[in-house]
Amino acid sequence: MLSKAATMEILMNRNGDAGTLPEDDSLEQVAKLQWSLDEKDLQQVMVSGPNLNETSVVSGGYGGTAEGIIPTASIKGSSMQDSRSSSSMTAEESSRGVAVEKLDFMKQWGLNTYKCTKQMIAERFGRGSRTVDLELEAQIEVLRDTKRKYENVLRLARALTNHLYSMVQTQHALGDTFTDLSLKSPELRDEFGYNAETQKLLCKNGETLLGAINFFVSSINTLVNKTMEDTLMTIKMYEAARLEFDAYRADLEELSVGPRDVVNMARIDTAQEQYQIHKDKYERLRSDVTIKLNFLDENKVKVMHKQLLLFHNAVSAYFAGNQQQLEQTLKQFNIKLRPPGADKPSWLEEP
């Protein structure tokens, strides 16, 4: 009876009516009304409830004080700050590592430069010893002398090409002039005519000889400025490695003479490691220089044999006036002449 009266009071308050439920309603209807009211109240609480981001974590038991309440928003913010600080620390450590590596590299470079400079000065003043490979040094000196002589041949061959080109151009202009005079001077037509033919023939043979000499110059230029220069670059690397090897060898010998305490023994071990590293580098480059010198000698003999034969046959045929032999020489060495005006751009390429 008390539960029925309470239900009747709730319904009166929510509907605003002054009437009461009839006493003959069943308890089942009252239970259904009570269930619908409880469901509506629950939905309202869920809609108007607190935000999850604003919830709190209680660090005490039930009924504790407010000092133990920690907002979850502060926990989230602190975690974000920790991640940012950790990423900034990682970037700072990486940049610091790069700076340390650069500093170590500059330190090693300065130490190496100092040792090599000291060794170079000692060798020049006769106070230091140097490693010498007599056979290899002699081959290097022969190569340098050969390169100087071949450069002189190349310079003279280019000068001959320039003079021959000027002579061919002059013969061509002279032939055109003789041809024009033969047309305008009937009384000397024959004389001007066969002189014009002679100049044109000389011009044609000169162009053929010019093609042969240009091929000769190109081959000598490749041999001198590419093949020999590449070998000389390897020789320069070998000489630098030899200087470093002697510098670290002298440093190791100087430390070996000193006292045998703990600090000096550690220095000797470090110097021994550096000495072995530079010794291996020196021996490797010495082997490379020896191989390149052998290959260069074989290549030089093959190239010069072919080019000297070409030069001799072409010049002999030109000054003998043997046009057929001159053309046969170019075919023998697979030399193709450019037609007159090939260097000029076509009318499509002209601006």
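This passage describes the second largest pocket and the aromatic pairs of a predicted model.

The second largest pocket has a volume of about 280 Å³, and its lining is made up of 14 residues, among which Lys118, Ala247, Ala250, Asp251 and Glu254 lie nearest the centre. Two helices, H3 (72-124) and H5 (189-257), each supply at least two residues of this lining, and H5 gives the most, with six residues. When the lining of the second largest pocket is sorted by class, seven residues are charged, four are nonpolar and three are polar.

Aromatic contacts were examined next. A search of the whole structure finds six aromatic pairs. One of them is formed by Phe216 and Phe311, whose rings are 4.9 Å apart from centre to centre and adopt a tilted arrangement, with 40° between the planes. Because Phe216 lies in helix H5 and Phe311 in helix H6 (residues 262-319), this pair ties together parts that are 95 residues apart in sequence. Phe216 is buried, with a relative accessible area of 4%, whereas Phe311 counts as partly exposed at 28% relative accessibility.

Tyr318 and Phe319 also form an aromatic pair, which is edge-to-face, with 5.0 Å from centre to centre and 85° between the planes. Within this pair, Tyr318 is buried, its relative accessible area being 11%, while Phe319, at 66% relative accessibility, counts as exposed. In addition, Tyr238, Phe245, Tyr275 and Tyr282 form one aromatic cluster.

Terms used: Residues are numbered from 1 along each chain as its sequence is written. This is a predicted model: local features need pLDDT of at least 70, side-chain atom pairs count only at pLDDT 80 or more; totals for chains, interfaces and linings use all residues. Side-chain values use heavy atoms; hydrogens and water are left out. On a 1 Å grid over the protein atoms alone, a cavity is a set of points where a 1.4 Å probe fits but cannot get out, and a pocket is an open set with protein on both sides within 12 Å along at least five of seven lines; lining residues have an atom within 4 Å of a point. Grid points are joined across faces, edges and corners, and a volume is the space filled by probe spheres set on the points. Helices (H or I, at least four residues) and strands (E, at least two) are DSSP runs, numbered from the N terminus. Ala, Val, Leu, Ile, Met, Phe, Trp, Tyr, Cys and Pro count as nonpolar, Asp, Glu, Lys and Arg as charged, and the others, Gly among them, as polar. Rings of Phe, Tyr and Trp (its six-membered ring) pair if their centres lie within 6.5 Å; planes under 30 degrees apart count as stacked, over 60 as edge-to-face and the rest as tilted. Buried means under 20% relative accessible area, exposed over 50%, partly exposed in between (1.4 Å probe, protein chains only).
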